[in-house]
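The exercises that follow are meant to be worked with the sequence and the model open side by side. Please try each task before reading its solution.

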Amino acid sequence: MRRISFAEVSIFVVNRIFNWRFRIAGLTKKSKIAKKVIDKMLFEKDDVVIIPNTIPINREIEDAGSEFLPTDVIKEVIKQCDDIVIMNTCLCRTSTKCEDYPHDIGCIFLGPTSRKIPRAVGYDATVEQALAHVDRADAAGLSHLIGRNKIDSVWMNARPDEGLLTICHCCPCCCLWRVVPNLEDEIAEKIYKLEGVTITYDEETCKGCMKCVVNNVCMFGALSKNGDKITIDHDNCRGCGLCVNICKFNAITIDYTDKTIDNVINRVYNLIEE
């Protein structure tokens, strides 16, 4: 009889409890003890930056030319890594049976701890494969996050978590990080906006279609209806860019600069402690 692996058990458990994630996150606001325990178990030492996707869906990646793109942050970090594992499927989308985004665009894991990831979860990849994976995620309309994410080291039993860097490709409907508005502020602040990114809303250009609100595209609860217009809560906005991509009238735009690109790359890469 074949022995069931820890990873298989973890995937089974995650698939069953994934829809409880909002309730679990909400406990961090209701109880100081729950906050302390959940933070210790799942978020300790987390440092995660949101990387917006500024490639409109169905636009060819090569059309971007030499323009700096936020995902260049991810690519530069990938190029510096020797240990790369690409997850076979996205656990978030498979758990929710997502019908809008591809299930087979899974997370990318970087760093020495990725060697300990069970191969039932993912496969060893080259730099070129990882870069192509990021491009595919961009083309699918997914935004990204990159950083130290303790949850991944826990469910895969891959330690030490300091040696593992996660690159997640997020859809607005299924991503684990939709729990951010439910988390206590001290934990939620571990997930932050890429420096230099600004989201702007032009009320005069807005046609009031409300697709950005009705479709609940903001993972962080920053969009709300205000009469026949919308309001962006910039305190909650993490600059994921998903609202920009869904707006067909260019009423929501994203601006970014490459001035701090090296600092961000160095900060993220240094999260991997050899």
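A residue is called buried when its relative accessible area is under 20%, exposed when that value is over 50%, and partly exposed in between. The model is a predicted one, and every value below was computed from it.

**Exercise 1. Place Ile24 in its helix and on the surface.**

Task: decide whether Ile24 is buried, partly exposed or exposed, and find the surface patch to which Ile24 belongs.

Solution. Begin with the location, which is helix α2 for Ile24. Next, take the relative accessible area of 32%; because this value lies between the two cut-offs, Ile24 is partly exposed. Then look at the surroundings: Ile24 belongs to a nonpolar surface patch together with Ile4, Val9, Phe12, Val13, Ile17 and Trp20, and the accessible area of the patch is about 630 Å² in total. Finally, ask which element contributes the most residues to the patch; the answer is α1, which supplies four.

**Exercise 2. Find the two sides of α2.**

Task: work out which residues of α2 are buried, how they are arranged around the helix axis, and what covers them.

Solution. The helix spans residues 21-30, and Arg21, Ala25, Gly26 and Thr28 are buried in it. Viewed down the axis of α2, these buried residues fall within an arc of 140 degrees, so they line one face of the helix. On the face turned away from that buried side, the exposed residues Arg23 and Lys30 are found. The cover over the buried residues includes α1 (6-17), α3, α5 (91-96) and α8 (185-188).

**Exercise 3. Follow the charged residues of α3.**

Task: starting from Lys35, trace the salt bridges that involve α3 and α8, and then describe the setting of Asp39.

Solution. The whole structure holds 11 salt bridges. In one of them Glu186 pairs with Lys35, and the closest N and O atoms are 2.7 Å apart. Since Glu186 lies in helix α8 and Lys35 in helix α3, this pair ties together parts that are 151 residues apart in sequence. Glu184 also enters the picture, as Lys35, Glu184 and Glu186 are linked in a network of salt bridges. Lys35 itself counts as buried, with a relative accessibility of 18%.

Asp39 also sits in helix α3, which covers residues 32-43, and with 16% relative accessibility Asp39 counts as buried. When neighbours within four places in sequence are set aside, the contacts of Asp39 are Glu44, Ile187 and Lys190. One of these contacts, Glu44, forms a salt bridge with Lys40 at a closest N and O separation of 2.9 Å, and Glu44 is partly exposed at 26% relative accessibility.

**Exercise 4. Explain a salt bridge within one helix.**

Task: explain how Lys79 and Glu76 are placed relative to each other along their helix.

Solution. The two residues form a salt bridge whose closest N and O atoms are 3.4 Å apart. They are three residues apart in helix α4 (residues 72-79), so about one helical turn separates them. In general, an α-helix has 3.6 residues a turn, so residues three or four places apart point the same way. As to exposure, Lys79 is partly exposed at 47%, and Glu76 is partly exposed at 33%.

**Exercise 5. Look into the largest nonpolar core.**

Task: identify which core members touch the most other members, and list some contacts of Ile108.

Solution. The largest nonpolar core has 91 residues, and those touching the most other members are Ile78, Ile108, Leu110 and Ile252. For Ile108, with neighbours within four places in sequence left aside, the contacts include Ile78, Ile84, Val85, Ile86, Leu165 and Ile167, and also His133 and His169. As a general background, nonpolar side chains tend to be buried together in soluble globular proteins.

**Exercise 6. Check the backbone.**

Task: locate the cis peptide bond and compare the settings of Asn157 and Met210.

Solution. The general expectation is that most residues other than glycine have a negative phi, and that most peptide bonds are trans. The bond from Arg159 to Pro160 is cis, with omega near 0 degrees, and Pro160 is in the loop between α7 (150-155) and β6 (165-170). Asn157, with a positive phi near 55 degrees, is placed in the loop between α7 and β6 and is partly exposed at 42%. Met210, with a positive phi near 65 degrees, is in the loop between β8 (198-201) and α9 (211-214), and at 9% relative accessibility Met210 counts as buried.

Key
Residues are numbered from 1 along each chain as its sequence is written. This is a predicted model: local features need pLDDT of at least 70, side-chain atom pairs count only at pLDDT 80 or more; totals for chains, interfaces and linings use all residues. Side-chain values use heavy atoms; hydrogens and water are left out. Helices (H or I, at least four residues) and strands (E, at least two) are DSSP runs, numbered from the N terminus. Buried means under 20% relative accessible area, exposed over 50%, partly exposed in between (1.4 Å probe, protein chains only). Contact means heavy atoms within 4.5 Å. The arc is that of the directions from the helix axis to the C-beta atoms. Patches are made of residues with over 30% relative accessible area and no salt bridge: like charges are joined within 9 Å, nonpolar side chains (Val, Leu, Ile, Met, Phe, Trp, Tyr) within 5 Å. Accessible areas come from the Shrake-Rupley method with a 1.4 Å probe; for residues, only the protein chains shown count as cover. A salt bridge is a side-chain nitrogen of Lys or Arg within 4 Å of a carboxyl oxygen of Asp or Glu. A nonpolar core is a set of buried Ala, Val, Leu, Ile, Met, Phe, Trp, Tyr and Cys residues joined through side-chain atoms within 4.5 Å.
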